[in-house]
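Here is a friendly walk through one protein chain. Have a look at it first, and then we'll pick out a few spots together.

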Amino acid sequence: MTDRPRTLWRTPRSLVTLATAGVLALGLVACGGTTKDSASSTGDAGAGGSTASADPNAPLKKGLKLAFLPKQINNPYETIVDNAGIAAAKEFSGEAKEVGPSDASASSQVSYINTLVQQQHDAILIAANDPNAVCGPLQQARAKNIKIVAYDSDTAPECRDLFINQASSEEIGRSQVKLLGGMIGNKGEIAILSATANATNQNTWIKFMKDELTKPEYKDMKLVKVAYGDDDDQKSFQEVQGLLQAYPNLKGIISPTTVGIAASARYISGSKYKGKVVLTGLGTPNQMRKFVKDDTVEKFALWDPKNLGYLASYAAASLASGQITGAEGEKFKAGKLGERTIGKSGEVILGPPTVFDKSNIDEFNF
Ligand code: RAM
């Protein structure tokens, strides 16, 4: 097994990518122009909102202090993202750390934000558990010239400078339905096992899943329930068990969370539903490998979480160094990932997800 973090970008022939040209084309607009200062004390700048301009030639400052605040610290996916971001900071002689709650509830991140502000970090990177609960404290941080980078799960655009999105949210949502539909012949009852009910990322993906399901080709595929495992392994395990009991005709489950899909696979692999109910979603190859090999799961998807953390780290450093302000069209260099352009609403997209199955899963180690 080799660790090949750049594979997603090279989209080798052996991989089935969900890419569309549109995903990567997003935000390819001219650089420069008037930009906005996210440090505005009005706190309403969002993705750039006042008068300072970016200096694209400003070098990355040395000794920057960054802090990653994940949804929760005991989520293996978040750990991979944050560790990669922390390692990236060494490349530009910065210091980075991870702090965070042990549960992904709406307000669990607030006290951490307040502490990081007191500690005078240059940037806080947050995977928001709730778009609104963290907004006030993040605004206060921005008023103190602390840059805010949301990654993985966004807050409201006016509460941060940038959002580093793992892939186009629309593409993630629609492709999950296509993936499941392809395995069940677009027919039968389906359910979603999500993370928390407030998670911005999952809720956005589910919105696109529901929209995708309105297309004529899915007229025989019926979403019967959206359940929430709260990104808690035990709760997710119980929720999937409950779903299967409550809906005996269920043909498929989409779990767009690494915690949910791993718990679901564990339950299904030891149950009478194995081979009868199709499970897919978003998972890490290392957590899902054994369930792919024992035929519990045929296919699932994800992006490279290491690249997400890496990109977020460089974005935070570029903001804190004045190279960018978060305005659409600005560009920054993200180390080995190359130049990136800020799209609409301060969004930067990492790249298309990969679909994993028996043929390629051993090529990945994360
Ligand atoms: C879980 C979290 C995270 C999400 C992944 C796919 O680890 O909910 O936010 O991006 O799954």
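In which helix is Arg-174 found? Arg-174 sits in helix 6, which covers residues 169-184.

## Before we go on

This is a predicted model, so to speak of local features a pLDDT of at least 70 is needed, side-chain atom pairs count only at pLDDT 80 or more, and totals for chains, interfaces and linings use all residues. Residues are numbered from 1 along each chain as its sequence is written, and side-chain values use heavy atoms, with hydrogens and water left out.

## The chain as a whole

The secondary structure here comes to 11 helices and 15 strands. Both kinds of element are DSSP runs numbered from the N terminus: helices are H or I with at least four residues, strands are E with at least two.

Of the 366 residues in the chain, 57% count as buried. Buried means under 20% relative accessible area, exposed means over 50%, and partly exposed is in between (1.4 Å probe, protein chains only). The accessible surface of the chain is about 14100 Å², and 49% of that belongs to carbon and sulfur atoms; such areas come from the Shrake-Rupley method with a 1.4 Å probe, and for residues only the protein chains shown count as cover. Among contacts between residues at least 6 apart in sequence, 72% join residues at least 24 apart. Contact here means heavy atoms within 4.5 Å.

## Arg-174 and Lys-178 in helix 6

Back to Arg-174: is this residue buried or exposed? Arg-174 counts as buried because its relative accessible area is 13%. Its side chain makes a polar contact of 2.8 Å with the side chain of Asp-211, and another, of 3.1 Å, links the side chains of Arg-174 and Glu-212. A polar contact is a pair of N or O atoms within 3.5 Å; within protein, one must be able to donate a hydrogen and the other to accept it, and residues adjacent in sequence count only if both atoms are side-chain atoms. Not counting residues up to four places away in sequence, Arg-174 touches Phe-208, Asp-211, Glu-212 and Lys-215.

Lys-178 also has its place in helix 6. Lys-178 counts as partly exposed because its relative accessibility is 45%. Which residues does Lys-178 contact, leaving aside neighbours within four places in sequence? They are Glu-212 and Tyr-218. Lys-178 and Tyr-218 are 40 residues apart along the chain, with 9.3 Å between their C-alpha atoms.

## The sheet beside helix 6

Helix 6 lies across strand 7, strand 8, strand 9 and strand 10, and runs at about 160° to strand 10. For such angles, axes are lines fitted to C-alpha atoms (for helices, over the stretch in contact), and values run from 0 to 180 degrees between N-to-C directions.

How are the 4 strands of this open sheet ordered? The order is 8-7-9-10, with parallel pairing. Strand 8 (221-228) and strand 10 (278-281) are at the edges with a single partner strand each, so one side of each has no neighbour in the sheet. On average, neighbouring strands are turned by 20° against each other, direction ignored.

Two strands pair if DSSP finds at least two bridges between them. Strand 7 (residues 188-194) and strand 8 run parallel and are joined by 7 bridges, with Glu-189 opposite Lys-222 in strand 8. On to strand 9 (residues 250-255): this strand and strand 7 are joined by 4 bridges and run parallel, and Ile-190 has Gly-252 of strand 9 as its bridge partner. Strand 7, helix 7 (residues 200-213) and strand 8 together make a right-handed β-α-β unit. Right-handed means that, with the strands pointing away from the viewer, the path from the first strand over the helix to the second runs clockwise.

## A sheet of 6 strands

Another open sheet has 6 strands in the order 3-2-4-5-6-14, again with parallel pairing. Strand 3 (95-98) and strand 14 (347-349) stand at its edges, each with a single partner strand, so one side of each lacks a neighbour in the sheet. Strand 2 (residues 65-69) and strand 4 (residues 123-126) run parallel, joined by 4 bridges. Ala-67 stands opposite Ile-124 in strand 4.

## Two loop residues

Asn-145 lies in the loop between helix 5 (135-143) and strand 5 (147-151). Asn-145 is not a glycine, although its phi is positive, at about 65°. Ser-345, in the loop between strand 13 (339-341) and strand 14, has a positive phi near 55° and is likewise a residue other than glycine.
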